[in-house]
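Trainee: Could you walk me through reading a structure, feature by feature?
Mentor: Gladly. Let's put it in front of us and begin.

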Amino acid sequence: MHMEAQKYLWEGAIPLQIHLHELEVTTLPPPPPALILAPRMGYLPLLSTLIKPYFSSALPPGVDTVWFEYKGLPLKWYIPTGVLFDLLCAEPERPWNLTVHFRGYPGNILIPCEGEDSVKWSFINSLKEAAYIINGNSKNVMNMSQSDQLELWNSVMSGNLEAYLRVSSKLKLGTVEDEYTIKMNLSTKSGQGTGETDMAGQVKTGRIPVRLYVWSVNEDFHDLEDAPKIDNWDKISFINRPAEIHTEEGKCFTLHDALKGLLPEFFSDLPLIGEESPKLEDEDKMKIPSEDASSNRSAEEGVENLCERMESSCTTTIAEIKLVRIQGIEPKLEIPFSWVVNNLMNPEHFLHICICIKVAAGNTI
Amino acid sequence: MDILSWDGALSSSEFSIAGHDFIEKWKKFNPTYPPWSWVTCKKQSCVASHEVEKYLSLENISLLSLCEEDHGDESQIGEEEISCSEEEEPIDSATLVESFDREVHYYDFHIVYSASYRVPVLYFRAFFSDGQPLVLDEIEKDLPACSAKVLLESKWTFITQEVILSYLCISDWNGYACLPCI
């Protein structure tokens, strides 16, 4: 079960169309944009080994420092590509049109990036932090041998899930166990046996590493393409607080519960969504849609459904959730949180959640 | 709180209380030094009701060069004075390295509560007078000798490069941090 979902994720990619910034073009005609499939779990600076040679003949002489920009917004290089896409493209744009720069690094907006090393360091630090959150110490990560660390990083860079699992299993960062997952395992068809080893004997409930990207808007919008654009990083709040799982006998700890714990002031008045039968069937919940049109449509329908329900049932709330997006999908909020954690987390063991909240104008938050 | 069984972790409200206490003690023991202040996240979309979004800040502290005495515990933080002090400071501050040019280094310190590590984390960065940042090697030279030794041996070590502070609702921090290494 975990294996299937993880495979989908690791194969997930965002089609990018990368344009060289016009001020940096020295050839006539200007070079056509580069078309690249960027891994969701990867990072933009890691693409420069492909992009640089492509554009090198058009560049002015000098030292290159690669940075990317979307509609004028310099992109933070330590955020995984998939998360940037989910956050900045309310209405998914395919291909995603980005501009690459090799000069004029905006040091006032972006922290320096020295290529692959910076990204690797940031990744390992996040992994240490995740280990600390899950186990109460970062020992396993700190004691990793050099070769293991290298293998782990290389597996992430090349998208090699097998190699990744081989090394990361030594870190004993566990999976979250709960009744729901057990029931699913019992009821699924045979021929699924091989992927269950990570389930056995690993019970790690408690604190879950989460990176929450909160984007709040003042106006309402029905269609994602009408959503206000993010043109400034000040419009996003980065919340780095572990989610706490509290299991109650007979009750499932849902994504909604987890978000409530992370953002209590936004969730206290909101009813649980999804009492009526949803358009998406239960089985759709289990599939991770790949980046294609059909899943996109159903995801959008899900969001509209969500928005309509939200408006009809909330009268006195100061805030309403417009969108919750994880790994490019918008899960129903009553999905078991343990499933989300076990299946949708990034290789550094963080769950990245993009959430758009509409706050009534004039509210001081 | 039972000190004997305490694992060192703090809740964010405990940090808040401790922070206020720290500010008062700093004023009391270091009256000539600039005070620490609380800073609240000013972002438009910031969730300001959580205490984790407040942090302690002490910025633009200048360190001047000292005379040749090389005793590890000497320290000087101030504006214009240049003098050798033999007295023990209650708070361990940076020693000044003998420097013929009398360079001035400016330091920014933030103490931020980390919900992940459940401890306060010290973030720091240093600049030359022209605004150019100092790298860690240069900052280490500003430390008292005993601290530098502790730095090597202790389990609390520095991260030797830029740290990302934006995950704490503050814009990206181009500096260093002391993170737990346990």
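Trainee: In which loop of chain A does His349(A) lie?
Mentor: Before we start, keep in mind that this is a predicted model. His349(A) sits in the loop that runs between α13 and β11 of chain A.

Trainee: What is the sign of phi at His349(A)?
Mentor: Phi there is positive, near 70°, in a residue other than glycine.

Trainee: And is His349(A) buried or exposed?
Mentor: The cut-off to apply is that buried means under 20% relative accessible area. His349(A) has a relative accessible area of 8%, so it is buried.

Trainee: Where else in chain A should I look for a positive phi in a residue other than glycine?
Mentor: Go to Lys172(A), with phi near 50°. Its loop is the one between α7 (161–168) and α8 (179–187) of chain A.

Trainee: Is Lys172(A) buried or exposed?
Mentor: Lys172(A) counts as exposed, because its relative accessibility is 52% and the class begins over 50%.

Trainee: What falls in the class in between, for instance Pro60(A)?
Mentor: Pro60(A) counts as partly exposed, because its relative accessibility is 22%. You will find Pro60(A) in the loop between α2 (48–55) and β3 (67–70) of chain A. Setting aside neighbours within four places in sequence, Pro60(A) is in contact with Glu24(A), Thr26(A) and Arg103(A). Pro60(A) and Arg103(A) are 43 residues apart in sequence, while their C-alpha atoms are 9.2 Å apart.

Trainee: Which peptide bonds should I check for the cis form?
Mentor: Omega is the angle to read here. From Leu28(A) to Pro29(A) the bond is cis, with omega near -5°, and Pro29(A) belongs to the loop between β1 (13–20) and β2 (34–39) of chain A. Another cis bond joins Arg94(A) and Pro95(A), with omega about 0°. Pro95(A) is in the loop between α3 (81–88) and β5 (96–101) of chain A.

Trainee: How do I describe two packed helices?
Mentor: Use the angle between their axes and the distance between the axes. Take helix α4 (residues 116–135) and helix α6 (residues 146–158) of chain A: they pack at about 110°, with axes 11 Å apart. Angles of 65 to 115 degrees count as roughly perpendicular, so α4(A) is roughly perpendicular to α6(A).

Trainee: Which residues meet there, and of what class are they?
Mentor: From α4(A) come Glu116(A), Val119(A), Lys120(A), Phe123(A), Ile124(A) and Leu127(A). They meet Gln149(A), Leu150(A), Leu152(A), Trp153(A), Val156(A) and Met157(A) of α6(A). By class, this contact has nine nonpolar, one polar and two charged residues.

Trainee: How do I read a nonpolar core, and how many residues are in the largest?
Mentor: Ask which members touch the most others. The largest nonpolar core has 100 residues, and those touching the most other members are Leu75(A), Leu88(A), Trp96(A), Leu212(A), Trp233(A), Phe337(A) and Leu351(A). Strand β11 (residues 351–359) of chain A gives the most to this core, with seven residues. Apart from it lies another core, of 21 residues, including Ile23(B), Leu58(B), Ile61(B) and Phe124(B).

Trainee: What does Phe337(A) touch?
Mentor: Not counting residues up to four places away in sequence, the list includes Ile208(A), Val210(A), Ala243(A), Phe253(A), Ala258(A) and Leu351(A).

Trainee: And what can you tell me about Ile326(A), buried or exposed?
Mentor: Ile326(A) counts as buried, because its relative accessibility is 0%. The loop holding Ile326(A) connects β10 (319–325) and α13 (337–344) of chain A. Beyond its neighbours within four places, Ile326(A) is in contact with residues including Asp86(A), Leu255(A), Val340(A), Leu344(A) and Leu351(A). Between the C-alpha atoms of Ile326(A) and Leu344(A) the separation is 7.2 Å, with their positions 18 residues apart along the chain.

Trainee: Finally, how many helices and strands does each chain have?
Mentor: Chain A has 13 helices and eleven strands, and 53% of its 365 residues count as buried. Chain B has three helices and six strands, in the order α-β-β-β-β-α-α-β-β along the sequence. Of the 182 residues of chain B, 46% count as buried.

How values were computed. Residues are numbered from 1 along each chain as its sequence is written. Chains are lettered from A and ligands numbered from 1 in the order in which they are written. This is a predicted model: local features need pLDDT of at least 70, side-chain atom pairs count only at pLDDT 80 or more; totals for chains, interfaces and linings use all residues. Side-chain values use heavy atoms; hydrogens and water are left out. A nonpolar core is a set of buried Ala, Val, Leu, Ile, Met, Phe, Trp, Tyr and Cys residues joined through side-chain atoms within 4.5 Å. Buried means under 20% relative accessible area, exposed over 50%, partly exposed in between (1.4 Å probe, protein chains only). Helices (H or I, at least four residues) and strands (E, at least two) are DSSP runs, numbered from the N terminus. Contact means heavy atoms within 4.5 Å. Axes are lines fitted to C-alpha atoms, for helices over the stretch in contact, and angles run from 0 to 180 degrees between N-to-C directions. Angles under 35 degrees count as roughly parallel, over 145 as roughly antiparallel, 65 to 115 as roughly perpendicular and the rest as oblique. Ala, Val, Leu, Ile, Met, Phe, Trp, Tyr, Cys and Pro count as nonpolar, Asp, Glu, Lys and Arg as charged, and the others, Gly among them, as polar.
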